[in-house]
Amino acid sequence: MMYKYFPHTADDLQSMLKAVGADSLDALYSDIPADVRFRGDYDLPSEMSELEVRQLFEQLGRQNRQLVCFAGDGVYDHYTPAVIPDLLARSEFLTSYTPYQAEVSQGTLHYIFEYQSMMTALTGMDISNASMYDGTTAAAEAMMMAVNAGKKQSKVLVSATVDPKVVAAMQTYADGLGITIEMIDEHDGATSLTDFGRRLTAGGVAGVMVAQPNRYGIVEDYTGFADVAHSLKALFMMHCVAADLAVLKTPGEWGADIACGDGQSLGIPMQFGGPYVGFLCCTEKLLRKMPGRIVGMTSDNRGQRAFVLTLQAREQHIRRQKATSNICSNQSLMALFVTVYLSLMGRQGLKEAAMLGYDGAHYLCDQLLQTGHFSLAFDRPFFNEFCLVCDKDIDALQQYCAEAGYMAGVKTGDNMLMLAVTERRSKEETDRLVSLINEYMNTL
Amino acid sequence: MNNRLYGNLIFELSREGRRGCSLPKNRFGHHDIPQKLCRKHDAALPECDEPTVVRHYTNLSSNNFGVDNGFYPLGSCTMKYNPKLNEELSRLPQFQHLHPQQPAATVAGAQAVCTLLKRSLCALTGMDAFTLKPYAGAHGELTGLMTIRAWHKANGDEGRRTKVIVPDSAHGTNPASAAVCGYDIIEVKSTAEGLVDFAHLQTIIDEHGKEIAAMMMTNPNTLGLFERRIPEIAELVHGCGALMYYDGANLNPMLGVCRPGDMGFDVMHINLHKTFSTPHGGGGPGSGPVGVKARLKDCLPQHVSPYQGNFAVLMRAYAYILSLGREHIKKVGPLATLNANYVKEQLKDVYELPIDGWCMHEFVFDGLKDKSSGVTTMDVAKRLLDYGYHAPTIYFPLLFHEAMMIEPTENESKETLDAFIGVMRRIAGEANAEPETVKTAPHLTPIGRVDDVQAAKHPVLTYQQLLLNETN
């Protein structure tokens with residue numbers, strides 16, 4: 001019976017079975033009909049020692065190839081300061097449950113309050129929840145919020161410049177709820193204000209979702225959008241890349257009612273797709289429509305400042321089918337990640353890191369345009385990601401670079417290549433990518 | 001754990017000009033950025049040096065209680081040990097730095113982890129296919145219900161199958177997920193024995209059979225009781241053309257005992273952060289893979305998340321399965337079940353056990369047997385904190401006023417359980433001898449009981465609001 005995670009000795013088993021009045025472990029299951037009992041052996045490998053498990057994962061790891069990453073498309077290769085994994089591994093954080101027992105959970109409640117404060121500072125909004133699964137589901141929850149806040153409108157407009165992965169998640173949730181998603185035309189890589197106005201005027205719109213930077217890396221000018229939306233009683237929602245908000249005009253400044261997006265860009269490793277963290281912020285007016293957990297300040301019976309999960313009357317464990325959402329968790333540990341990251345980067349550091357990516361991307365773009373093989377897909381301002389058009393085979397180009405250990409962006413159309421640069425990319429790596437691309441072009 | 005509160009906020013440690021990071025020099029040259037696209041003021045983030053940040057969060061962590069600190073009998077949450085090896089493996093650089101859209105040839109190892117994990121989950125549950133995309137249990141429920149909707153749609157039956165049956169003892173996420181998926185909920189009652197009321201279910205199906213899309217169940221249920229009539233329930237539900245959904249929140253005691261796929265379930269989710277030992281992380285990230293029978297394979301939705309869900313969580317779960325192997329994983333259920341019955345049997349003379357009999361991994365008391373002192377379940381839970389235990393899940397399930405749901409996992413030793421039993425009995429004694437001590441507990445934790453009403457009535461949800469409050 002003995003195994004490293006099971007403390008039961010043979011004597012323990014004997015005396016415990018005796019105490020409960022069972023003559024064997026099997027007797028505990030006498031209620032279970034025989035035809036649903038599983039009596040066989042699972043079709044699984046035999047137990048492995050710690051060393052063997054480690055060796056197996058290392059061997060699987062060798063089947064992967066780390067590439068110097070110039071890809072983004074929603075997931076960015078930022079640097080993680082050494083402090084973060086160390087603090088996240090503290091088992092008081094790592095192995096605790098949702099902070100329902102406030103008296104023994106002030107650590108978690110405290111950092112969530114800090115997280116909420118930092119996300120509102122970054123987005124320029126009033127309120128943040130305790131975090132969501134990721135950026136795509138945060139957008140879907142934002143959409144549901146808008147529809148819940150609206151009186152009878154069940155239509156949500158989404159700009160064609162919003163990342164298709166985000167739109168797919170919204171559509172997936174919309175299908176079940178009878179929400180209609182209508183796409184707003186794009187014009188030269190940006191949301192068409194004319195089409196935006198036209199579709200809003202048609203009526204029945206609960207909210208509008210736009211992106212910043214958008215799916216092409218373009219920083220759009222949303223002057224006037226919020227006013228038009230508000231004049232027609234629709235909420236204005238923005239899906240943003242968190243790190244870029246260190247520099248860019250905030251959703252709050254653009255007049256947004258809801259800001260959402262992914263916090264992965266705040267130093268979270270790409271780890272093949274997750275876990276990341278979604279953020280969801282809103283105006284004070286929409287507080288009661290907010291899904292998910294929220295931490296608030298209060299005091300304890302000793303007169304100390306304390307933090308606690310609050311406004312739980314919105315949530316599924318109280319409201320069941322009438323809840324604002326079915327969400328029952330947050331990405332708490334990833335919210336801690338982001339909170340420590342923002343504490344370390346601070347007011348200046350976050351801006352400087354973002355500008356390194358900005359300058360790196362503009363340098364790379366200039367260098368690639370100079371090769372004469374590319375042209376800019378759109379003549380619009382971009383942040384740390386941009387799209388180029390090329391009449392050569394992009395798949396073959398990317399494969400050539402991958403063989404040399406470089407991930408040359410993401411292919412976003414037949415002739416379109418999207419590249420991203422973060423503070424993690426050195427000038428040497430950037431120059432090397434340019435020469436690899438040149439080498440490839442010269443082989444044609 | 002601290003017995004005195006460390007109460008600073010990182011913002012209160014901030015001083016203008018301090019830095020906690022160092023960045024490479026900018027060698028790309030300066031590029032102008034259009035000012036009208038930039039924010040007017042810097043984000044009001046703290047400015048701290050690195051040692052201050054490290055001490056702050058280290059001290060904060062000491063205000064917390066985790067599984068590594070002590071016994072955590074939180075019912076329905078399966079707070080088992082989170083192996084350290086799995087943490088280390090999940091951070092291997094060969095996996096950690098993979099962009100999710102890298103060419104397939106460069107991510108063969110990561111893909112293999114996903115394939116092997118899916119195969120293991122099929123073996124353990126009797127399902128035929130899994131998707132790893134859902135991020136959490138509730139997300140898995142939603143994914144499973146979308147699968148069910150797609151199945152009915154493929155059969156030309158979507159329009160009229162608008163209802164989902166949920167037991168009154170179900171987790172709150174069941175009805176909430178069904179509602180988010182656009183379904184109406186029909187609640188089926190529990191019998192006095194705490195099981196699904198078969199006669200009531202029969203009535204529901206007679207009346208609404210053609211409108212039912214699915215029945216959601218967890219087995220064992222939230223009272224920790226095995227639903228013995230599951231074969232008949234499944235037959236009845238299938239008979240009206242609906243599907244059976246298994247909420248995997250209570251899967252742990254079934255390891256080595258039963259497989260949902262053999263009990264008549266068509267769709268299920270698994271909480272990897274419960275049964276498969278990945279850490280709860282203070283409320284996430286979790287992972288909620290969804291499994292289906294072969295005929296439903298093509299109905300799994302593609303867009304519940306863009307990539308392979310919470311991949312680093314999947315790695316931990318797979319490491320757990322490999323470590324235990326087929327020999328030890330089948331002991332998990334029986335040992336967890338023995339532990340729960342052991343605690344129940346030795347406390348049921350002082351705590352009210354509304355439904356006697358074998359429990360599975362957990363059981364529910366309805367408060368103290370002797371309620372004359374006015375000591376409530378809340379009071380007992382808070383007093384447990386003074387003795388160095390986490391509280392059980394309280395006031396759930398909703399079937400009993402003073403519900404107290406206790407789940408000791410297979411990782412707890414007889415000594416730990418004996419000590420806990422001793423403390424629970426002691427608290428029952430205190431309830432009579434010195435009820436005020438219990439009613440005002442906890443006394444030895446960093447903070448005392450909090451004012452929930454104040455928090456909800458005057459919400460202060462950010463540091464900015466806190467400052468405004470102070471100036472007013």
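# Reading a two-chain predicted model

Me: What phi does A:Gly124 take, and where does this residue lie?
Reply: A:Gly124 has a positive phi of about 75° and comes just after helix 5 of chain A. The model is predicted: local features need pLDDT of at least 70 and side-chain atom pairs pLDDT 80 or more, whereas totals for chains, interfaces and linings use all residues. Residues are numbered from 1 along each chain as written, chains are lettered from A and ligands numbered from 1 in written order.

Me: What makes helix 5 of chain A a helix, and how does its length agree with that name?
Reply: A helix is a DSSP run of H or I with at least four residues, and a strand is a run of E with at least two, numbered from the N terminus. Helix 5 of chain A, residues 106-123, has 18 residues. The expected span is 1.5 Å times one less than the number of residues. For helix 5 of chain A that gives 26 Å, and the first and last C-alpha atoms are 25 Å apart, which is close. By the DSSP rule, chain A has 14 helices and 17 strands.

Me: Why is helix 5 of chain A called largely enclosed?
Reply: A residue is buried if 20 or more other C-beta atoms lie within 10 Å of its own, exposed if 12 or fewer, and partly exposed in between, with C-beta atoms placed from the backbone. In helix 5 of chain A, 18 of the 18 residues are buried, so the rest of the structure largely encloses this helix. Across chain A, buried residues make up 61% of the 444 residues.

Me: How do you know which side of helix 2 of chain A is buried?
Reply: A:Val53, A:Phe57 and A:Leu60 are buried. They cover an arc of only 60° around the axis, and therefore lie on the same side of helix 2 of chain A; the arc is taken from the directions from the axis to the C-beta atoms. On the other side, A:Leu51, A:Gln55, A:Gln59 and A:Arg62 are exposed. The cover over the buried residues includes helix 2 (84-90), helix 4 (108-125) and helix 9 (311-347) of chain B. The length of helix 2 of chain A (residues 50-62) also agrees, because its 13 residues should span 18 Å and its end C-alpha atoms are 19 Å apart.

Me: What makes two residues count as being in contact, and how many residues of each chain do so across the two chains?
Reply: Two residues are in contact if their C-beta atoms, placed from the backbone, lie within 7 Å. By that test, 166 residues of chain A are in contact with 172 residues of chain B. The largest share of the chain A side, 22 residues, comes from helix 12 (residues 332-370) of chain A.

Me: What makes a group of residues a nonpolar core, and which residues have the most contacts in the largest one?
Reply: A nonpolar core joins buried Ala, Val, Leu, Ile, Met, Phe, Trp, Tyr and Cys residues through C-beta atoms within 7 Å. The largest has 309 residues, and A:Met143, A:Met237, A:Ile258 and B:Tyr245 have the most contacts inside it. Helix 12 of chain A gives the most to this core, 22 residues. Beyond four places in sequence, the contacts of A:Ile258 include A:Ala142, A:Met237 and A:Leu286.
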